[in-house]
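Visitor: I have just opened this model and would like to work through it from the inside outwards. Could we begin with the enclosed spaces?

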Amino acid sequence: MALPMSVAPSPELDALLEGYRRFRENRWHPERDRWADLREGQEPRVMVIACSDSRVDPSQIFDVDPGEIFVVRNVAAMVPPFETTPGHHGVSAALEFAVQVLKVREIMVMGHGMCGGCKAALTQELHGTEPGQGGFIANWISMLDHVRDPIVAEFGTTGRPAERAMEQAGVKVSLENLRTFPCVRAKEASGDLVLRGSVFAISDGVLRLLDEETGEFTPALGDGADV
Ligand SMILES: [Zn+2]
């Protein structure tokens, strides 16, 4: 494959372009009609908010085609509260677009096991660092500070029980913050929008759904069905 002269080659770019070649052969050419439809616009019915972690790609986990889900990914799958402070509110912009323009019917927050962001929220190891040195992450995950104390009191700051509790609490915080957006609250109240929480476990590939009444996460396909 010949790269344009000014594009520096690298093994990483090679790997990306190899994947792109497979995509063109296997996904683009055979599905040209679908892509032609998508050129007219997108009508996803679901928005997924997930972590940026390279292991938890929603379109892979839910096995969807292009155009099916509108995705935002960031550190720890967080939704910030409705804020009008100066700054660039990327998640809020995407949320606004999904809810008000695309009119998605459901929003799923998907946390995951072994989440580095949740772990850092627990240990507070980035506390006090400068922006660019960990400070942006520290500030972002400070959204979890108010749920940290009871978790630390029960499980400490390290180990899977503490981490799992924080991963699950993070999903609940994001759902809570989603409901601080007036448009989300109104559409949920009118039945036009459903909010869901879930956690995907990297270790066994099991997706668990949150029952908001009990606060429990249970396997989405039922016990033992996710083998
Ligand atoms: Zn994560």
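Guide: In this predicted model, helix H8 gives the most to the lining of the second largest cavity, with three residues. Helices here are DSSP runs of H or I with at least four residues, strands are runs of E with at least two, and both are numbered from the N terminus. A cavity is a set of points, on a 1 Å grid over the protein atoms alone, where a 1.4 Å probe fits but cannot get out, and its lining residues have an atom within 4 Å of a point.

Visitor: Which residues line the second largest cavity?

Guide: The lining is made up of Ala76, Ala77, Gly111, His112, Cys115, Cys118, Glu167, Gly170 and Val171. Besides H8, strand E3 also gives two or more residues to that lining.

Visitor: And what about the largest cavity, which residues line that one?

Guide: Ala120, Ala121, Gln124, Glu125, Leu126, His127, Ala138, Ile141, Ser142 and Asp145 surround the largest cavity. Helices H5 and H6 each supply at least two of these lining residues.

Visitor: Before we go on, how are the residues numbered, and what should I keep in mind about confidence?

Guide: Numbering starts from 1 along each chain as its sequence is written, and side-chain values use heavy atoms, with hydrogens and water left out. As this is a predicted model, local features need pLDDT of at least 70 and side-chain atom pairs count only at pLDDT 80 or more, whereas totals for chains, interfaces and linings use all residues.

Visitor: Fine, let's turn to the metal. Which residues are the protein donors of the zinc ion?

Guide: The zinc ion has as its protein donors Cys51 through SG, His112 through NE2 and Cys115 through SG, at 2.0 to 2.3 Å from the ion. Donors are N, O and S atoms within 2.8 Å of the metal (3.2 Å for Na, K and Ca), and water is not among the atoms, so sites may look incomplete. Two of these donors, His112 and Cys115, also belong to the lining of the second largest cavity.

Visitor: How are the donor residues spaced in sequence?

Guide: The spacing reads C-x60-H-x2-C.

Visitor: Is His112 buried or exposed? And Cys115?

Guide: His112 counts as buried because its relative accessibility is 1%, and Cys115 is buried too, with a relative accessible area of 4%. Buried means under 20% relative accessible area, exposed means over 50%, and partly exposed lies in between, for a 1.4 Å probe and protein chains only.

Visitor: Where does Met114 sit, and what is its phi?

Guide: Met114 lies in the loop between strand E3 (106–112) and helix H5 (116–123), and its phi is near 60°, which is positive although the residue is not glycine. With a relative accessible area of 42%, Met114 is partly exposed.

Visitor: Which other non-glycine residue has a positive phi, of about 45°?

Guide: That is Asp63, which belongs to the loop between helix H3 (58–61) and strand E2 (69–74). Asp63 counts as exposed because its relative accessible area is 67%. Lys103, which follows helix H4, also has a positive phi, near 55°.

Visitor: Since you mention H4, which of its residues are buried?

Guide: In helix H4 (residues 90–102) the buried residues are Val91, Ser92, Ala94, Leu95, Ala98, Val99 and Leu102. They pack against strand E1 (46–51), strands E2 and E3, helix H6 (135–141), helix H8 and helix H9 (182–189).

Visitor: Back to H8 for a moment. What does Glu163 touch?

Guide: Glu163, in helix H8 (residues 160–178), touches Lys119 and Leu122, not counting residues up to four places away in sequence; contact means heavy atoms within 4.5 Å. Although charged residues are often discussed as surface features, that is a general aside, and here Glu163 counts as buried at 10% relative accessibility.

Visitor: Last one: what does the whole chain look like in numbers?

Guide: The chain comes to nine helices and six strands, and of its 227 residues, 36% count as buried. Its C-alpha atoms fill a box of roughly 55 × 45 × 45 Å along the principal axes. Among contacts between residues at least 6 apart in sequence, 62% join residues at least 24 apart.

Key: 1 Å grid on protein atoms, 1.4 Å probe; cavity = no way out; pocket = protein on both sides within 12 Å on 5 of 7 lines; lining within 4 Å.
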